[in-house]
Each structure stands twice: as C-alpha cells, then as structure tokens.
Amino acid sequence: MLTRERLTAAYQKAREALLAERNGDGYWLGELSSSALSTATAISALSLVGGHDALVRSGLAWLANHQNDDVGWGDTVKSFSNISTTMLCRAAYRMAGSPPEFATAFKKTDEFMAMKWGATSAQQAEAIRRRYGKDHTFSVPILMNAAMAGLVPWSEVPALPFELACLPQSWYRLARMPVVSYALPALIAIGQTIFHHKPPRNPFSRLIRRISVGRSLRVLQRIQPSSGGFLEATPLTSFVVMALAASRLSFRARAESSAAQVISKGVEFLVRSIRPDGSWPIDSNLSVWVTTLAVNALAAAGDLDSLPEREKTLTWILEQQETEGHPYTGAASGGWGWSHLGGSVPDADDTPGAFLALRHLDGLTNPAVSAGVHSAIINGLPWILDLQNSDGGWPTFCRGWGRLPFDRSGADLTAHALRAFNSWKSARAPRIKEPVTWITFSFRARDAWGQVAEIEIGSPKAGIAVQQGLAFLRRFQDPHGSWLPLWFGNQHAPDDINPTYGTAKVLAAFRDLSLEQNAEARRGIDWLLQNQNDDGGWGGMRGTPSSVEETALAVEVLIDLAPPESRPAVERGLQYLVARVENGGLYDPSPIGFYFAKLWYFEKMYPIVWSVAALGRALRRNFISE
C-alpha cells in the first residue's frame, strides 16, 4: 500500500541521487549511453586515417562484446537490432582490416543481414533507403561507409548537391536541400567523396561541383567548432572525417589544406571522446539540458531550497547563452544549446528550458545576478519569437525548414516555448485565456544607457505567438487525443512513436497557461489515463513496457489535471513509480531519446529528474495525505 511515508522516502532517495550528480561547478553533466553506431563510425574513420590501431581494436572488442542475441546491433545496448547500426558495424570491421579475432562475430552478422534484409548488396541498400525515405541525412552517410568498405557499389549511393553550401546562409531553407538543417557538414564532405567516386554524367553538373569543392570546404572549415566535433556528435564527425580522408587526394592544394585541417581537428575530437571501455557515445554530453531539467524538477517539487549554492548554478546557466550569431545555423544571439561545449547549437527546446530554470532561480539576494537574468531574458525572448514557423509551431533549429522530419515544427517544442513565455509574463498581466490578445513581460533591468528602468517587451507580438502556438497544438493533436513529440520515441511502439512523452509535455503547457478545461486538454488527459498499463505504469503507449521515465512524466501532469474520479489511477501510477525507485529503477534508464536522424540513446539523468518532479509534486500537493 502506498503511504505518505513511502512516498516521502522515495522522493528523498530520488532527490539525493539528483543532487549527488551535480558537480563542483554547480551544473549537471549527465551521461549518455554508449552507442554501437557511434563506435562503428569512429572505428571506420580512424581506420581510414590510420595511426590509431589500439583504439580501433578496443572499439571492435566493445562491439563484439555487445552484440545482440540475434547477432545484430542496435543503437544502444538496450536497443533492438536495426539495419543501420548493423551495416555500420560490418563496415567498421571491414575498414579495420577484418582482424581474425573478431571474424566469428561478424560472419554471423553477414548471415543475419542476408536473412533479414536481403542477401544482395542492392537489397540491403534499398532497405537502408526505405528506412529513411526522402530524408538523406542518415541514409547516404551509411551507404557511403558501406561503399568504402566494399559492402555495396558506389552506384547505390545517392549524390548530394554539396554546391548548395556555397549559397548565402539565408538561402539554405529555400534550396530544398536533401538533408536537414543540422547536417550541413555531411552534405559538404559526403557530397564531395561521392562526387570523387561517382561524378555526374551531366557536364554542367560536373563543372559546377568541381568549382564548388574549395569554397564549400572553406564553409566546412569555418563552421567546425574549436572542439573539432560537429554538433559534439561522434557519428557526424566520423562521417565527415572518413569522407574527406577518402577523397582528399583529388583536392587541389588549397582545398587539400582545408580538408586536412578539418580532418585533423575531427580526429582529435574522436580520440578525446573514446571511453575507457572502448566505446563512443553519440554526443559529448547534454549538460545544459540536464541542468535545466534538474532545476525545473526541483521547482516542480517545490524544493529549490534543497539546492546548495543556487547562485552558482544560475550563473553557469547564464554563461551558456549564445552572445553572438552562430556560424553553423546562422542563429542570432540569445539562445541556448544542449551543451556547454563549442559544438552545441542553440535550439527551441534548450532555450525554453533555460527560460524556465532562470525564472525559478531568479530573485536571489545579489542584485547583479538578478539583473543578468533579466538581461538574458530580454535577449532570449526575441530569439524564440523569431524562430516560430508560419504554421504556428516551433522547429528545433531553423525557421522555415519544414520539408524533412526533424526540421518540422514539434508539439513538444511548441509546448515548451509557450511555457517559457508564460513563466516570464508580468504578474500584473491578465491570466492567459483564449483568445490571447497580449502578454506583457515587465521587470526592472538596465537599458542600453545603463539606467535602471521598467522594461516591457513582447507586447503584442508574444501574445500573437502564443495564440498561433495554441492553434498549432489544436491542429497537431491526434484524433484520439495524444500528441507526438519530435525528439523522443519508444522502440516497442508502432513506428517508434512516443505519444506518452508528447502528450505529457503538451499538457504541462495547458496546465501552466490555466487552459486545462479546454477540449484539447481534456482529450489529452483522457488519452493518458486510458493508456495506463495494468501494472500502474506508463510506457510509450498502452501495451508497451512501463518505464520510470514515462510513468513519471504522466504522473507529474495528472497530479494536477486528472479529474477526481481518476485519482485512483494516478495513485496506482505513483505506487508503480515508488516501487521502481525502491528497487533501483532510478539507475535503469530506458532508450526513449532520439538524437539526430532518429538515433536512439538513453541518458542516466532522465529517470532521476523526472522522478524528482513527479514524486515531489505529489508531496507538495498532498496527494497522499494519510
């Protein structure tokens, strides 16, 4: 039976786990799962460059030791085998020279692929293309790697128009590129190696691409971060390194110099990113994201007083705001990315997360810090407003890139932006009701002349943006009442969807905006309640295995939004969550995260932060009173 004592003990355990992960500089680093896909791409890149035999062999040993029972590989050690990662692992083995000590494992994989995805290279290449459809962001790099390893002919690798990278950056969204906005390095480097191995028959296209090689390489060199890692991501950086290494002998002297510098910095990043066990993660870390999640979870629990040295955390978050235009996406200053490292790019999920965290941490006794918070919000609000798409929703990185899946507006991103606006609206402004006509953001801060003044921003533009965002959420709602997120999934659900995550995130926005009685909100609440599993928990949808993360997300919003007659269902969810915490579930993360191009990951902070938010909110609301 769930008692307040058990609930309190579970919350304290989760909170202690959360605070223990905070480092001495006041932020959370988190830890992303090791990735077979990342490890395979790094092996291929380092094998091609040469000089890193020990790292290559340790990576191959890790792959051999983490092969699934069906002898394929999934993206993480908890993921189902898929053709993309399995193909990349096979290519890595070939690129490394097929060391005999790993021959048995990879011979079985050849047989597995032939049985599951076709015996011929043409059939396997078609299976790769079919998985990603018209989005070439990931299918072309995989096929390029396979072609380098001799697994498929170059004729199976679609060309990429890398010459488009020579256009002015503001024109990119109009150029109908075959890759998403964040994949510009892949477009350039992989496009060039395909051009080297398979030049187009059209003489005009051949000429245009030949004269674009040097200029596009200079673009690539300019957008490479100081860390060397594009997006801090091992797969993207590995693809760029192997592509340039495979074609650099065909470059002219000036282009060769640019390519060599990109390769050198990329290799340094890969060598620095390997883990002691021989694996690579998909990205360096999600430090900004998990730090703002942690702060916002403690705020949901009403327990920010338990956070020691709050000012240190607040100052660190402020320091991560972009103060200049970003060379990679052309984003203006004012946003936040997912990491404090140089390869991170400002986006429409991390920026609202920072807005919410700053709001919760604001009001410290140090006036200088508080003034810095207000200045950050003044600079950040226009950044979020300007990113809104014409459909009313928010994309991740760039406005107007809506043709391919991971560039479109997302319900989870839109809900997060609306929550960020709402958190900073003036206390003197009216509560948001439909129709929204204005929101005033008002606080004391220093103006351009250094004078302290009352500043109002966002009126009426922010109010219009909120109206349009709510209209987008109405249109995007599934007929059954759920919303699908852009960056999270569930491998047990059809098409890898995760309506539990998406619905919980959108309902949090309706809750914060006092719109829980809207018809859309009521349908969303009903959907969540109807999709609870028999064990009391939630998975991505009913019938998928319950997880700590998805249960905590559902419970946290239902504590406030579920009707009185559904209280027993929420209590069963709490009971499931408490039992999982008692049995070590805080340290058993599920692969529900999507990284770029639908690449699975899990993050050890997710079950901890979302449990803190759900259990703490239940205590704060006296949900279990006896």
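At what angle do helix α6 (residues 121–132) and helix α7 (residues 136–148) pack? The angle is about 160°, and the two axes lie 8 Å apart. That makes α6 roughly antiparallel to α7, given that angles under 35 degrees count as roughly parallel, over 145 as roughly antiparallel, 65 to 115 as roughly perpendicular and the rest as oblique. We'll come back to this pair in a moment.

A word on what you're looking at. This is a predicted model, in which local features need pLDDT of at least 70 and side-chain atom pairs count only at pLDDT 80 or more, while totals for chains, interfaces and linings use all residues. Residues are numbered from 1 along each chain as its sequence is written, and side-chain values use heavy atoms, with hydrogens and water left out.

Now the overall view. The protein chain has 22 helices and six strands; these are DSSP runs numbered from the N terminus, helices being H or I with at least four residues and strands E with at least two. Of its 626 residues, 63% count as buried, where buried means under 20% relative accessible area, exposed over 50% and partly exposed in between (1.4 Å probe, protein chains only). The accessible surface of the chain comes to about 23400 Å², and carbon and sulfur atoms hold 51% of that; the areas come from the Shrake-Rupley method with a 1.4 Å probe, and for residues only the protein chains shown count as cover. Take the contacts in the chain with a separation of 6 or more: 71% of them are between residues 24 or more positions apart. Contact here means heavy atoms within 4.5 Å.

Back to α6 and α7. Their angle, like the others below, runs from 0 to 180 degrees between N-to-C directions, and the axes are lines fitted to C-alpha atoms, for helices over the stretch in contact. The crossing of α6 past α7 is right-handed: a crossing is left-handed if the near helix is turned anticlockwise from the far one by less than a right angle, and right-handed if clockwise. On the α6 side you'll find A125, I128, R129 and Y132, which meet F138, S139, I142 and L143 in α7. That contact divides into six nonpolar, one polar and one charged residues. For the classes, Ala, Val, Leu, Ile, Met, Phe, Trp, Tyr, Cys and Pro count as nonpolar, Asp, Glu, Lys and Arg as charged, and the others, Gly among them, as polar.

Next, try α12 (287–300) and helix α22 (residues 606–620). These two pack at an angle of about 15° with their axes 7 Å apart, which means α12 is roughly parallel to α22. Their crossing is left-handed. From α12, W289, L293, A294, A297, L298, A299 and A300 meet Y606, V609, W610, V612, A613, R617 and R620 in α22. By class, this contact has twelve nonpolar residues, no polar ones and two charged ones.

A third pair is helix α18 (residues 499–512) with helix α19 (residues 519–530), whose axes come within 10 Å and cross at roughly 140°. That makes α18 oblique to α19. Here α18 passes α19 in a left-handed crossing. P499, T500, T503, L507 and F510 in α18 meet E520, A521, G524, I525, W527 and L528 in α19, a contact of seven nonpolar, three polar and one charged residues.

Now for some single residues. E309 sits in the loop between α12 and α13 (310–319), and its phi is near 50°, a positive value in a residue other than glycine. With a relative accessible area of 52%, E309 is exposed. V71, in the loop between α3 (53–65) and α4 (83–95), also has a positive phi, near 70°. V71, however, counts as buried at 17% relative accessibility.

Finally, two residues and their partners from elsewhere in the sequence. K198 lies in the loop between α8 (184–197) and α9 (203–223) and counts as partly exposed at 26% relative accessibility. Not counting residues up to four places away in sequence, K198 touches W154, S155, V157, P158 and A159. The C-alpha atoms of K198 and S155 are separated by 7.3 Å, with their positions 43 residues apart along the chain. E582, in helix α21 (residues 567–582), is partly exposed too, at 38% relative accessibility. Leaving aside neighbours within four places in sequence, E582 is in contact with R6 and K13. The C-alpha atoms of E582 and A14 are 9.6 Å from each other, although the two residues are 568 residues apart along the chain.
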